[in-house]
Each structure stands twice: as C-alpha cells, then as structure tokens.
Amino acid sequence: MTKTTAYKNSRLRMEDVELASVAEKFGTPLYCYSAGQIEQNFDAYRRALKSVTDDFTICYATKANSNIAVLSLLQKRGAGADIVSGGELRRALAAGISPRKIVYSGVGKSDEEITFAIKTGIMQINVESEPELEAISRIAKKLKKTVDVSIRINPNVDAKTHAKITTGKKENKFGIDIEFAPALYKRALKLPNINAVGVAVHIGSQLTSLAPYKRAYARVADLVRILRKQGNNITRVDLGGGIGITYRNETPIDLYLYALMVRDVILPLGVHIVVEPGRSIVGDAGVLLSRVVSVKKGHNKNFLILDAAMNDLMRPALYGAYHAVLPLNKGGKPTLYDIVGPVCETGDTLHIDEKLPQLKAGDLVAIMTAGAYGAVMSSNYNTRPLAGEAIVQGKKFGLARKPQTVDDLVKNDVIPGWLA
Ligand code: LLP
C-alpha cells in the first residue's frame with residue numbers, strides 16, 4: 001500500500017476513488033494510475049536533487065510507462081524525457097514535452113529514428129557505439145544540423161540487481177567499454193556536425209544500494225577529467241536511472257543520500273546533470289485491477305484464477321517478480337491460494353501459497369505496484385486484447401487508454417492471395 005492507495009472502511013481506494021468503481025465502469029483487466037502519487041514521486045526526486053544543485057534536468061524514462069496522460073502530467077511538473085525509440089519520441093512530443101529536454105538512449109537506433117530525433121532538435125543523443133556515432137555525424141551533416149551527443153560508457157560495475165536488468169557490466173551489450181572511451185571521444189572531435197558534450201551511464205534497474213552507483217559515478221568523473229585533458233569540452237553528465245522501489249520488503253535508496261553522493265562525486269566537475277528515473281516515478285503509482293474468474297480446488301491447492309494474465313503483466317513470469325495482490329473488499333477468512341491467470345502456461349502464475357481473505361468468482365482484486373513496466377510490456381499472447389488504462393486524480397477518474405478489442409487484433413491479419 002502507498003500514501004495514495006489504501007483501505008478506507010475496508011474498501012481499497014486510490015486517492016478519493018474506490019477502485020471497485022473504476023473497475024466496474026471500464027471493465028477488467030484494467031491498469032489504474034494515481035496522478036497524485038506520480039506527482040509526489042517526481043517532486044521527491046526533484047527536491048532531493050535541488051538540495052544539492054539547480055543545474056539538472058529530470059528526463060523521465062518513458063519506457064517505464066509511456067501513456068500520454070502520464071507523460072503530460074509529468075511534463076506539467078517540468079519533466080523532460082528519456083526515450084529509446086522513434087515511437088517514444090512521438091509520445092513525448094504528443095504530451096508536450098520540450099525537445100530541449102529529451103535525451104535519446106538505446107543500443108540500436110535506425111537511420112530513420114536518428115533523422116527524426118535530429119529534425120526534432122532534441123537535447124542530446126546518447127551514443128552506444130562507434131558506428132552509431134558515425135551515422136549520427138553523417139545524418140546531421142546531410143540535414144545541415146549540429147547535434148549534441150553523450151557517449152554512454154559501460155563502467156564495468158555490478159549493480160547487484162536481477163541479471164536480466166543489469167546493464168553496466170563488461171559482458172552486457174550496453175555502452176562503450178570505459179577503457180575504449182577516450183579514443184572514441186578523440187574520434188568525435190574529428191567528426192563533422194556533432195558535439196560530444198557529455199558522458200552517460202546507466203548501470204541497471206531496481207537498485208537498492210548506493211554503492212554500485214558511487215563506484216560507477218566515480219569512474220565517470222575520472223573519465224571526464226581524462227577527456228578534458230585531451231581536448232573534449234564535457235559540460236554534461238547523464239547519470240541514468242535505476243533507483244529501486246518496494247515491491248515486498250525492499251528498502252529503497254534514500255534520494256537525499258543519492259543526491260549527496262552526486263554532490264561529492266560529480267558536482268566538483270561543474271557539469272549539468274541529467275537523470276533518467278522511470279520505475280521510481282511511476283512504479284508504486286499503478287495497480288492492475290482484475291476480477292476473479294473462478295476458484296478451483298486442486299490437489300491440496302486452491303487456484304485463484306484471475307482475468308489478468310502474464311500477457312498483461314509480464315514481470316512475474318519474466319523475472320520472478322513479486323507483486324502483492326489485494327482484494328478490493330477487505331474481510332473474509334485467510335485462505336491459501338495459488339494465484340494464476342488464464343494463459344495456457346504454467347508460468348502464468350503470480351503467487352504460490354499466498355494468503356488472502358477468502359474470495360469467490362466475480363470478486364475484484366488489485367495487483368499492486370504495477371505502474372512501471374506493466375502496461376508497456378504487455379502483449380497479445382493468446383489473442384488477448386491489451387488492457388485499458390485509467391487515471392485517478394482526487395475524486396476524478398477517467399480512461400487514459402481504451403481497452404483493445406478482439407476486432408482490433410483480428411482485423412490486421414491477412415491471408416495472402418496465393419494461399420487463399
Ligand atoms: N535509462 C536507461 C538507459 C535505461 O535503460 C533505463 C531502464 C532507465 C533509464 C530507467 O530505469 P529505472 O529508473 O526505471 O530503473 N522491464 C524491467 C526493467 C527494464 C529497465 C530497462 N532500462 C522490469 O520490469 O523490471
């Protein structure tokens with residue numbers, strides 16, 4: 001539970017709205033986000049950084065939740081965006097985010113995407129390889145524009161997080177090995193139409209310890225000193241995202257301690273700071289609402305079968321991630337359940353032997369902490385339409401994305417004439 005999602009009179013509410021009324025109005029499965037919680041999370045991040053510097057941009061990592069209503073809420077708070085595709089750039093612009101606050105990360109940018117980003121005039125492109133640096137220079141020259149770039153370095157630091165979301169070790173596909181970086185920055189000095197103004201780093205996601213950050217940032221600071229000596233005018237450092245949140249019992253990093261570490265390690269360089277938080281802004285602001293389809297007695301087991309599945313929320317199947325399940329109506333005697341979805345895979349399991357108040361078909365539950373990497377990672381597996389998304393603010397609530405229909409899915413399939 002969070003400040004904005006909690007029980008009142010045994011009914012689970014988000015801000016001033018009973019979640020059951022949102023589920024009844026728009027149907028399930030349905031993602032639902034608290035505008036107030038997103039704002040609080042963003043403000044907490046900003047306050048912490050402001051306690052040590054005024055010279056920073058918070059580029060929200062759009063990939064965590066790219067719903068345009070969410071982006072527009074953050075834009076009004078002054079957020080920029082960290083994007084990883086032309087599609088995310090379209091969304092950020094549609095939400096009114098200023099191009100001057102958009103940074104573009106990602107290991108495989110196409111020429112079309114680079115062209116779109118340059119034409120839009122974004123703040124910087126975070127370069128992941130030498131061929132990409134050359135492509136940006138070539139495209140920028142053709143467009144008669146000069147582009148600011150940061151080079152994303154791989155500091156070879158273990159973020160001590162889940163193997164599938166660690167990015168800063170030598171063997172990961174991300175960034176340029178820190179040892180090769182000076183040579184690449186020298187090359188950048190010679191290439192036309194680019195200014196290598198920054199160094200970028202992102203070592204992983206769902207970090208719960210400050211130590212790996214400190215190690216990585218210290219390596220970045222050393223590199224900046226080397227680069228300046230060799231003639232690169234480094235004015236920005238992009239510190240990435242990755243701050244973890246509480247799914248079960250994790251203790252998140254104190255943002256003020258993070259800011260103090262940044263002050264000690266990075267600020268002496270006199271650079272503009274960019275940060276790219278995603279999960280810590282939206283993760284605990286969202287739930288996935290679901291209805292119990294049936295309760296099935298197995299061999300020594302009660303299966304609680306929900307109408308939300310692994311295609312809606314992939315994290316448990318993909319990372320073994322924990323997401324608490326809460327009934328929208330509290331009460332009933334504690335019962336042990338295996339909580340599963342309807343998809344035809346054993347992996348479509350949220351919990352084994354989880355204690356919940358007794359539930360029956362038709363009851364509603366909330367799958368908690370689903371605001372980050374939930375809706376954005378969903379798929380149409382088993383020809384299941386993508387769930388809708390709703391947003392709550394105070395007493396108000398509304399749809400932020402219409403639920404897909406089966407018609408939406410079926411209409412794009414074609415039988416080639418020769419096969420018919
Ligand atoms: N910057 C870059 C370059 C990134 O690759 C990421 C996340 C972020 C920022 C934002 O990280 P955050 O603050 O959200 O941790 N699907 C996985 C997480 C993948 C993260 C990918 N990169 C999950 O559900 O846990």
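**Group meeting: two domains and a ligand**

Let's start at the ligand: one of its oxygen atoms has a polar side-chain atom of tyrosine 373 just 2.6 Å away. That fits our cut-off for a polar contact, a pair of N or O atoms within 3.5 Å; within protein, one must be able to donate a hydrogen and the other to accept it, and residues adjacent in sequence count only if both atoms are side-chain atoms.

Quick word on what you're looking at. This is a predicted model, where local features need pLDDT of at least 70 and side-chain atom pairs count only at pLDDT 80 or more, while totals for chains, interfaces and linings use all residues. Residues are numbered from 1 along each chain as its sequence is written, and side-chain values use heavy atoms, with hydrogens and water left out.

Back to the ligand. It has 18 residues around it (a heavy atom within 4 Å), and those that come nearest are Ser205, Glu276, Arg279, Arg315 and Tyr373. Serine 205 puts a side-chain N or O atom 2.4 Å from a ligand oxygen. With glycine 278, a backbone N or O atom sits 2.9 Å from an oxygen of the ligand.

Now zoom out. The domain assignment, automatic or from a database, gives domain 1 as 5-33 + 283-410 and domain 2 as 35-277. Their centres, taken over C-alpha atoms, are 32 Å apart.

How many residues of domain 1 are in contact with domain 2? It's 22, meeting 22 on the other side, with contact meaning heavy atoms within 4.5 Å. Together the two bury about 1900 Å², and carbon and sulfur atoms give 55% of that; buried area here is the accessible area (1.4 Å probe) that two parts lose on being put together, summed over both. On the domain 1 side, Tyr319, Tyr322 and Tyr373 lose the most area, together 29% of what that side buries. So tyrosine 373, our ligand neighbour, turns up here again.

What holds across that interface in polar terms? There are eight residue pairs in polar contact, both at pLDDT 80 or more, but zero salt bridges. For those, we ask for a side-chain nitrogen of Lys or Arg within 4 Å of a carboxyl oxygen of Asp or Glu. Strand 20 (388-393) gives the most to the domain 1 side, four residues. Helices (H or I, at least four residues) and strands (E, at least two) are DSSP runs, numbered from the N terminus.

The structure as a whole does hold 21 salt bridges. In one of them, glutamate 24 pairs with arginine 291, closest N and O atoms 3.3 Å apart. That pair links helix 1 with strand 14, 267 residues apart along the chain.

Two backbone oddities to finish. Most residues other than glycine have a negative phi, and most peptide bonds are trans. Asparagine 9 has a positive phi of about 50 degrees, in the loop between strand 1 and strand 2. And the bond from threonine 28 to proline 29 is cis, omega near -10 degrees.
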